[in-house]
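Grab a coffee and work through a few exercises on the structure below. Try each task yourself before you read the solution.

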Amino acid sequence: MSILSLKSFAEINEKIKQRRAVVVTAEEIAEIVAEKGTAQAAKEVDVVTTGTFGPMCSSGVWLNFGHSEPPIRMTKVWLNDVPAYAGVAAVDAYLGATELTESGSLEYGGAHVIEELIAGKQVKLRAISYGTDCYPRTEIATYISKEIINEAYLFNPRNAYQNYGAAANRSDRTIHTYMGTLLPNCGNVNYSTSGALSPLINDPYLRTIGIGTRIFLGGTQGYVAWHGTQHNPSRPRGENGLPFQNAASLALIGDLKQMSTQFIRAAVMEGYGVSMFVGVGIPIPILDEEMVRYAAVCNRDIYTNIYDYSVPSRSRPVLAKVSYETLQSGTVVLEGRKVPTAPLSSMKTARAIASTLKQWIADGQFLLSEPVAPLPTTASPQNLEIVGGA
Amino acid sequence: MQEIKAFLRFPQEHFSKPITYRLVKEYNLMINILRAEVAANKAGELIMDIEGSEQDIAEAIDFTAHEGIEFRILKSGITLDEERCVHCGACTSVCPSGALTLRRDDWSLVFAPEKCFACELCVKSCPVRAIVAVMHLNGTVLAG
């Protein structure tokens, strides 16, 4: 990387500290490159910012409640009647975004509790234990808020998927999926990425994104902790390096107490359950011409497959391959008919994220971090085969 | 001519009366019923588009008041909580009336209440539950 580099991370950070860094969004860089070419753009621009705000089910929060008097070794924990995982020490718990309330409703879950915590609201904590000599208490019921608990940090095992399949429904009945309501006979197509603004679309081979990369997460600074679960960089790619399906993914970490409900929002996918909109933005350092070429990608050159979600299989049939330019136009031709398309991921908020991150960097408040270690560049998740004897 | 969207709530004892027929026949109103619901032992509710002369509509409203029918002029069949909405656009793909659309320049959600025909498909497709059907506001109808 260093020999051909125009700039290093350190050089870019020096410019950021001096507030001389040229920072543009992933939409703006496309225009700059179209006008000036990649060589000139690579010289002029230091950082390109990205953003995405879509439902990301694989998210949740680690909490530490502090010790009561007398103390309790919590074995089961509920927050607003939503179970949290408490199998770690005495007063640590993990609340997953998709965990549902025990009331039986699909309308309230972990993501709602997370949103309420971020909003500063009081949340009902209930826990039970068998009692030990060192932790004699057997039950507790109280209220917590982000002000009075020790740690509250999001740890999202799989966020910011690099591309994602779009969804339609070829059956003759309406179906409710995590990709939204899908009308019969391919009555609509839903998709869920911010296309050219999407973080991992702008660095397809993860050259600049790795463990320790500082990012925008939920309205504050967060970090890339690891590669995401089901990280799948070995997917087939086009000539521009971009995969046609969900490929790479990231595990992200950040302080819930500093987050904003503008960028973390509970979601209910009808008939499916609870999910959570997560706002992620990643700065792409323009180290050289190759990086500017990646960052300047346009929606017409980013493709995804439309899958038939009426087939309840892990291998759903592909109905078509389309560009994000087409998806974002509002209609797509599917099986000879014009079909309306709609995003599940908010482009408006994605733009707000990219421009907020741009502002942070331009103001010298946000420095880029060179990855501590790279993410795997080859990996394919395994399927779960059902075997006997269990 | 005037065109309005109206919400009518009938007490149970009115279920057998041909109120809509009388609105058409005696007040020359063009009526398009968008939505009708009758709950057992409860009130019946109707959402309709009404077209007619201003005088006919005014007289029809007097008539419904006289019959003990609640009559409210609506802007729309739904209410959109602007604070809650994240402009994702999930509602736009199920909206058959074109009342809910995404602007292509700044990607914000635009709601054109006059186009809404109260199908309520958007209500359950909204992931942040920012849309409430006027008919299901626990009896509190938001008037025009």
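## Cysteines without bridges

Counting over all chains, this predicted model has 0 disulfides.

**Exercise 1.** Work out why B:Cys116 and B:Cys119 form no disulfide.

*Solution.*
- Step 1: recall the cut-off, which asks for two cysteine sulfur atoms within 2.5 Å.
- Step 2: take B:Cys116. Its closest cysteine sulfur belongs to B:Cys122 and sits 6.5 Å away, so that is too far for a bond.
- Step 3: do likewise for B:Cys119. Here the closest cysteine sulfur is again in B:Cys122, at 6.0 Å, and that is also too far for a bond.
- Step 4: add the surroundings. B:Cys116 is buried at 7% relative accessible area, whereas B:Cys119 is partly exposed at 30%.

## Backbone oddities

**Exercise 2.** Find the cis peptide bond that involves A:Pro70, and say where A:Pro70 sits.

*Solution.*
- Step 1: look at omega. The bond between A:Glu69 and A:Pro70 has an omega of about -15°, and it is cis.
- Step 2: place it. A:Pro70 belongs to the loop that links strand S4 (60-64) and strand S5 (76-79) of chain A.

**Exercise 3.** A:Asn163 and B:His87 both have a positive phi without being glycine. Is each of them buried or exposed?

*Solution.*
- Step 1: read the angles. Phi is about 75° for A:Asn163 and near 60° for B:His87.
- Step 2: locate them. A:Asn163 is in the loop between strand S10 (152-159) and strand S11 (166-168) of chain A, while B:His87 is in the loop between strand S5 (78-80) and strand S6 (100-102) of chain B.
- Step 3: apply the cut-off, under 20% relative accessible area for buried. A:Asn163 has 0%, so it counts as buried. B:His87, with 15%, is buried too.

## Sheets and strands

**Exercise 4.** Describe the open sheet of 3 strands in chain A and what packs on it.

*Solution.*
- Step 1: the strand order is S1-S2-S21 in chain A, and the pairing is mixed.
- Step 2: strand S1 (23-25) and strand S21 (283-285) are the edges, each with a pairing on one side only.
- Step 3: from one strand to the next, the twist averages 30°.
- Step 4: strand S2 (residues 47-49) of chain A pairs with S21(A) in the antiparallel sense over 3 bridges, and A:Thr49 has A:Pro283 as its bridge partner.
- Step 5: helix H2 (residues 26-44) of chain A packs on the sheet and touches S1 and S2 of chain A, running at about 100° to the direction of S1(A).

**Exercise 5.** Which side chains of strand S8 (residues 123-128) of chain A are buried, and which strands pair with S8(A)?

*Solution.*
- Step 1: in a regular strand, side chains alternate between the two sheet faces.
- Step 2: A:Val123, A:Leu125 and A:Ala127 share one face and are buried, while A:Lys124, A:Arg126 and A:Ile128 point to the other and are not.
- Step 3: S8(A) pairs in the antiparallel sense with S5(A) over 4 bridges and with strand S9 (residues 139-144) of chain A over 6 bridges.
- Step 4: follow A:Ala127, the bridge partner of A:Val77. In S9(A), A:Ala127 is partnered by A:Ile140.

## The nonpolar cores

**Exercise 6.** Which residues touch the most other members of the largest nonpolar core?

*Solution.*
- Step 1: among its 136 residues, A:Phe65 and A:Leu79 do.
- Step 2: helix H6 (residues 347-362) of chain A gives the most to this core, with 7 residues.
- Step 3: contacts of A:Phe65 include A:Leu79, A:Val91, A:Leu125 and A:Ile144.
- Step 4: a second, separate core has 16 residues, among them B:Ile4, B:Phe10 and B:Ile69.

How values were computed. Residues numbered from 1 in each chain as written. Chains lettered and ligands numbered in written order. Predicted model: local features only at pLDDT ≥ 70, side-chain atom pairs only at ≥ 80, totals over all residues. Heavy atoms only, no water. Helix = DSSP H or I, 4+ residues; strand = E, 2+ residues; numbered from the N terminus. Buried < 20%, exposed > 50% of the residue type's maximum accessible area, 1.4 Å probe, protein only. Pairing = 2+ DSSP bridges. Axes fitted to C-alpha atoms, helices over the stretch in contact; angles between N-to-C directions. Contact = heavy atoms within 4.5 Å. Core = buried A, V, L, I, M, F, W, Y, C linked by side-chain atoms within 4.5 Å. Lists of a residue's contacts leave out its neighbours within four places in sequence.
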